[in-house]
Amino acid sequence: MTTPPETARVHPTPTSRQIRRWRRNLADERAEAAVYRELAARRTGEEREILLALAEAEKRHQEHWLALLGPHVGRPLRGHWRTRGLGLLARRLGGVFVLALAQQAEARSTYDADVDATAAMAADERIHGEVVRGLATRGRMRMSGTFRAAVFGANDGLVSNLALILGIGASGASQATVLLSGLAGLLAGALSMGAGEYVSIRSQRELLEAANPSPEAAAAIGHLDVDVNELALVYRARGLTAEEAQAHADTVIATFSASTVIAPDGAEGDHEAIGTAFGAAASSFCFFASGALIPVLPYLFGAEGLTAIVVGSGLVGIALCLTGATVGVLSGASPVKRALRQLAIGFGAAGATYALGLVFGAAVG
């Protein structure tokens, strides 16, 4: 005997509490569908089709709540403030940031515990989360190199220049000396970070390019002895088993043409993840400089002594929390935990430098 598919449970006389819950669920489903349509409007091709399919799936869930509500639908309610905010961001920004937030929104689904939601609906929400995760991963891959340089640059600028200013300030140096040291640290650090990122990314890309097969080797395939050749060794060297390598070599020789290559370039995805050398260098320079400027601001406006230290530290703390929270959102993790982790690490390093400055100042004095 087969089990009939799950349908909306019939409630001849639903309570007011049930009606309110069903109407909220309906409003949230409508808002989520709107988010996916907004995101789809900013995309083309496969990603657009996937997002529109998600919006259609949310429409099926709406029909479930409409069937339960029957004549109690009432006037449309507004969705949860988080979903409405997500819709606003989707209209204004789009991109991986909104997809990451949508991934978290799908993970917060309460259908597993909702007695009036079907198991299929709860399963849908879990799958939707994985679909959005996949789309967000594409975006993360495209921006990962530049984003890594930006986060590293901003965090390094905030922490290193705050530590420098605290250390020098604690030693008893004048306000002018602290300010000059902070500006010098900003310029030197930004130039160093930019140059370092350029060299690092450029070197990584060159190493990846060195793994690409030679065009001259591909041209030699047509002249190989089909009975005795080492083409299979190429594929064994690239990780295939002896049997797989021989089979692939036979296929390549049998189908050889002017467009045949020994092996496809394997570094395209890695190149995308790493980013460009100029992009990473510019990102690192700008974000280090902007981060390093924050602890200097109180001194630029004439503050000095403990006042400048407290204000500068407070501004840096806020910036560290924002940086950590942004990383948390984009990685699908808790933004609060990431913000607190960033704050603890940054203030730990700066506090240690401040303590050393006090010791040094006391020793010199």
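**Exercise 1. State whether Asp114 counts as buried or exposed, and identify the partner of its salt bridge.**

*Solution.*

Step 1. Asp114 counts as buried because its relative accessibility is 10% (buried: under 20% relative accessible area; exposed: over 50%; partly exposed: in between; 1.4 Å probe, protein chains only). The model is predicted: local features need pLDDT of at least 70, side-chain atom pairs count only at pLDDT 80 or more, and totals for chains, interfaces and linings use all residues. Residues are numbered from 1 along each chain as its sequence is written, and side-chain values use heavy atoms, without hydrogens and water.

Step 2. The side chain of Asp114 meets that of Arg21 in a salt bridge, with an N to O distance of 2.8 Å (a side-chain nitrogen of Lys or Arg within 4 Å of a carboxyl oxygen of Asp or Glu).

Step 3. This pair links distant parts of the chain, 93 residues apart. Asp114 belongs to the loop between helix 4 (95–107) and helix 5 (119–170), while Arg21 belongs to helix 1 (residues 16–41). Helices are DSSP runs (H or I, at least four residues), numbered from the N terminus.

Step 4. Unlike buried Asp114, Arg21 counts as partly exposed, because its relative accessibility is 22%.

**Exercise 2. Determine which residues are linked with Arg21 in a network of salt bridges, and where Asp116 lies.**

*Solution.*

Step 1. Asp116 and Arg21 also meet through their side chains in a salt bridge, at 3.0 Å from N to O.

Step 2. Asp116 lies in the loop between helix 4 and helix 5. Its partner Arg21 is in helix 1, 95 residues apart from Asp116, and this pair too links distant parts of the chain.

Step 3. With a relative accessible area of 2%, Asp116 is buried.

Step 4. Taken together, Arg21, Asp114 and Asp116 are linked in a network of salt bridges. Arg21 takes part in it from helix 1, and both aspartates sit in the loop between helix 4 and helix 5.

**Exercise 3. Give the number of salt bridges in the whole structure, and describe the one between Arg133 and Glu130.**

*Solution.*

Step 1. Searching the whole structure yields 4 salt bridges.

Step 2. One of the pairs joins Arg133 to Glu130, whose closest N and O atoms are 3.2 Å apart.

Step 3. Both residues of this pair belong to helix 5. Arg133 and Glu130 are separated by 3 residues, which is about one turn of the helix.

Step 4. Arg133 counts as partly exposed because its relative accessibility is 37%. Glu130 is likewise partly exposed, at 45% relative accessibility.

**Exercise 4. Count the aromatic pairs, and explain why the pair of Trp65 and Tyr111 is classed as it is.**

*Solution.*

Step 1. The count is 2 aromatic pairs (rings of Phe, Tyr and Trp, the last by its six-membered ring, with centres within 6.5 Å; planes under 30 degrees apart are stacked, over 60 edge-to-face, the rest tilted).

Step 2. The rings of Trp65 and Tyr111 have centres 5.8 Å apart and planes at 50°, and the pair is therefore tilted.

Step 3. Trp65 is part of helix 2 (residues 45–69) and Tyr111 is part of the loop between helix 4 and helix 5, so this pair ties together parts that are 46 residues apart in sequence.

Step 4. Trp65 and Tyr111 are both buried.

**Exercise 5. Establish which elements are tied together by the pair of Tyr198 and Phe278, and state how far apart the ring centres are.**

*Solution.*

Step 1. The ring centres of Tyr198 and Phe278 are 5.2 Å apart. Their planes stand at 55°, so this pair is tilted.

Step 2. Tyr198 lies in helix 6 (residues 175–210) and Phe278 in helix 11 (residues 277–293). The pair therefore ties together parts of the chain that are 80 residues apart in sequence.

Step 3. Tyr198 counts as partly exposed because its relative accessibility is 32%. Phe278, by contrast, is exposed, since its relative accessible area is 65%.

Technical notes. Helices (H or I, at least four residues) and strands (E, at least two) are DSSP runs, numbered from the N terminus.
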